[in-house]
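Open your viewer and get ready to click along. We will go from the whole chain to single residues, one selection at a time.

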Amino acid sequence: MPVLKEGYPFIIPPLFAGLAMIVFFRIKGMGTSPAGITFTCIGIILVVFALFCMFFFRDPKIEITQGDNIILSPCNGTVMELEEGDEKIIRVFLSVFNVHLQRSPIEGTVTSVKHQDGKFLMAWDPRAHSLNEQNIITIQGADGIYTVRQIAGFLARRCVSWVKAGDTLNAGDKIGMIKFSSQVNLYMPSGVEIKVKPGDKVRAGITVMGTK
């Protein structure tokens with residue numbers, strides 16, 4: 001399975017270091033010595049960590065859901081909360097086991113990408129969406145403005161955007177990723193009909209979040 005390049009620093013160094021420790025003490029015939037056992041255990045931990053990061057930074061091939069007037073999920077995760085007002089908002093929690101790249105919910109043009117410094121509260125904390133560090137990606141669609149907020153969490157310390165103002169997107173195009181557990185919020189025009197509810201599992205580019 002393809003791996004996102006952002007994962008390479010978390011995968012390659014611990015993988016090679018771990019394998020080197022294991023192989024070195026095996027070759028030297030010191031695998032059963034106290035030092036050999038200690039470094040072999042450390043090596044195994046490093047390899048396991050690297051394999052987990054390969055899983056975390058995976059970029060699975062998917063078939064983008066097609067259809068007229070549909071709004072796709074920008075992320076993989078679990079719907080936490082819905083808000084309705086001048087805008088409709090869907091908040092989604094991403095665990096460390098979810099794919100962490102984000103996709104455009106609609107076809108449109110990126111009007112702005114802004115970074116907001118902030119805290120690193122737990123992703124499910126009700127204050128996280130307003131206080132945590134985040135990237136705010138605004139997309140102009142045919143029917144109005146859509147905003148995807150990549151929100152850092154306690155473990156997620158960096159939000160990465162792959163788009164810039166002026167970019168033209170198709171629904172389901174990759175727009176960025178968040179490193180480790182986090183939250184993604186989708187802001188939509190008030191006329192949208194929401195098709196998900198709290199507790200639903202959603203998949204980026206596949207799940208229909210609403211209709212225009």
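What follows is a tour of this structure, which is a predicted model.

**Stop 1: the whole chain**

Start by showing the chain as a cartoon. Its secondary structure comes to three helices and 14 strands. Of its 212 residues, 49% count as buried. Now switch on the surface: the accessible area is about 10,500 Å², and carbon and sulfur atoms make up 61% of it. Do the contacts mostly link residues far apart in the sequence or close together? Among contacts with a separation of 6 or more, 70% are between residues 24 or more positions apart.

**Stop 2: the sheet**

Next, colour the strands. Eight of them form an open sheet, and if you walk across it the order is E9-E5-E6-E7-E11-E3-E2-E13. The pairing is antiparallel. Which strands sit at the edges? They are E9 (168-169) and E13 (201-202), each of which pairs on one side only.

Stay in the sheet and select residues 134-141 and 144-152. These are strands E6 and E7, an antiparallel pair held over eight bridges. Look for Gly 141, and you will find Gly 144 of E7 opposite.

**Stop 3: the nonpolar core**

Now hide the cartoon and show side chains. In soluble globular proteins, nonpolar side chains tend to be buried together. Here the largest nonpolar core has 26 residues. Select Ile 71, Ile 90, Val 92, Met 188, Val 196 and Met 209, the residues with the most contacts inside this core. Strands E3 (87-94), E6, E7, E10 (174-178) and E11 (182-189) each give two or more residues to the core. Apart from this core lies another, of nine residues, including Ile 11, Cys 53, Phe 57 and Val 99.

**Stop 4: Met 209**

Centre the view on Met 209, which lies in strand E14 (residues 208-211). Is Met 209 buried or exposed? Met 209 is buried, because its relative accessible area is 0%, and the cut-off for buried is under 20%. Show what surrounds this residue: leaving aside neighbours within four places in sequence, its contacts include Ile 71, Pro 74, Ile 90, Val 92, Leu 186 and Val 202. Ile 194 is another contact of Met 209. Try a distance label between the C-alpha atoms of Met 209 and Ile 194: they are 6.0 Å apart in space, with their positions 15 residues apart in sequence.

**Stop 5: helix H2**

Select residues 34-56 to light up helix H2. With 23 residues at 1.5 Å a residue, H2 should span 33 Å, and its end C-alpha atoms are indeed 33 Å apart, so the two values agree. Which residues of H2 are buried? They are Gly 36, Thr 40, Gly 43, Val 47, Ala 50, Cys 53 and Phe 56. The buried residues of H2 pack against helix H1 (8-27) and strand E10.

**Stop 6: two cysteines**

While Cys 53 is in view, add Cys 75 to the selection. Cys 53 counts as buried because its relative accessibility is 0%, and Cys 75 counts as buried at 0% too. How many disulfides does the structure hold? The number is zero.

**Stop 7: an unusual backbone angle**

Finish at Asn 69, in the loop between H2 and strand E1 (70-72). Most residues other than glycine have a negative phi. Asn 69 has a positive phi, near 60°, and is not a glycine. Asn 69 is partly exposed, with a relative accessible area of 48%.

Methods. Residues numbered from 1 in each chain as written. Predicted model: local features only at pLDDT ≥ 70, side-chain atom pairs only at ≥ 80, totals over all residues. Heavy atoms only, no water. Disulfide = S-S within 2.5 Å. Buried < 20%, exposed > 50% of the residue type's maximum accessible area, 1.4 Å probe, protein only. Helix = DSSP H or I, 4+ residues; strand = E, 2+ residues; numbered from the N terminus. Contact = heavy atoms within 4.5 Å. Pairing = 2+ DSSP bridges. Core = buried A, V, L, I, M, F, W, Y, C linked by side-chain atoms within 4.5 Å. Expected span 1.5 Å × (residues − 1). Areas by Shrake-Rupley, 256 points an atom, 1.4 Å probe, with all protein chains shown as cover.
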